[in-house]
Amino acid sequence: MSTPEATGTPIHVESADHLDELVADHDIVLVDYHAEWCGPCKMLEPTVEEIADETDAVVAKVDIDELQELARDKQIRSVPTLQFYHNGEQVQQVIGVQSKEDLVEVIEQLG
């Protein structure tokens, strides 16, 4: 955990600049693009919270309704979409509900 902001809980992204800061400031970042109305997003939420608590990755949550322009810029076409960043670069993206094991495996490979 490289900064005090890495709290073991998902960080609610407030702007595109905030997301850019998180990606720049941390080695491994998992970005969860979600929406309140999205059933699969709600299914994935406990998994994402566990990953934030149990791994060294910083987990950032982006509400696509709050940050529509950011979602458009990142070409998010469906939710949930998970993007993995390593050393400031996006290295992987998965769409839909994923198993915790698969997500942790990606994080471990990046570490």
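**Exercise 1. In what order do the five strands of the open sheet stand, and what is the pairing?**

Solution. The structure is a predicted model, and in it the five strands of the open sheet follow the order β1-β3-β2-β4-β5, with pairing that is mixed. From this order the edges can be read: β1 (11-12) and β5 each have a single partner strand, so one side of each is left without a neighbour in the sheet. At the β1 edge, the pairing with strand β3 (residues 58-63) is parallel and runs over two bridges, and within this pair Ile11 has Ala60 of β3 as its bridge partner.

The next step is to place the helices against the sheet. Helix α2 (residues 39-54) packs on it through contacts with β2 (28-34), β3 and β4 (81-86), and the direction of α2 makes about 155° with that of β3. Helix α4 also packs on the sheet, where it touches β2, β4 and β5, while its direction makes about 15° with that of β4.

**Exercise 2. Locate the disulfide that a search of the whole structure finds, and determine its handedness.**

Solution. The search of the whole structure returns one disulfide. A disulfide is a covalent bond between the sulfur atoms of two cysteines. Here the two partners are Cys38 and Cys41, whose sulfur atoms lie 2.4 Å apart, which falls within the 2.5 Å cut-off for a disulfide. The torsion about the S-S bond of Cys38 and Cys41 is about 80°, so the disulfide is right-handed. As for their surroundings, Cys38 and Cys41 are both buried.

**Exercise 3. Describe the setting of Gln98, beginning with its place in the chain and ending with its contacts.**

Solution. Gln98 sits in the loop that lies between β5 (89-95) and α4 (100-110). Its relative accessible area is 19%, and because buried means under 20%, Gln98 counts as buried. Turning to polar contacts, a polar atom of the Gln98 side chain lies 3.1 Å from the backbone oxygen of Ile95, and the side chain of Gln98 also reaches the backbone oxygen of Gly96, at 3.3 Å. When residues up to four places away in sequence are not counted, Gln98 touches Leu44, Thr47, Leu82 and Leu103.

**Exercise 4. State how confident the prediction is along the chain, and where the pLDDT is below 50.**

Solution. The chain has an average pLDDT of 94, and 94% of the residues score at least 70. Over residues 1-6, however, the pLDDT is below 50, although this stretch has 10 contacts in the model beyond near neighbours in sequence.

Note on methods: Residues numbered from 1 in each chain as written. Heavy atoms only, no water. Helix = DSSP H or I, 4+ residues; strand = E, 2+ residues; numbered from the N terminus. Buried < 20%, exposed > 50% of the residue type's maximum accessible area, 1.4 Å probe, protein only. Polar contact = N/O pair within 3.5 Å; in protein donor to acceptor, adjacent residues only side chain to side chain. Contact = heavy atoms within 4.5 Å. Pairing = 2+ DSSP bridges. Axes fitted to C-alpha atoms, helices over the stretch in contact; angles between N-to-C directions. pLDDT = per-residue confidence, 0-100.
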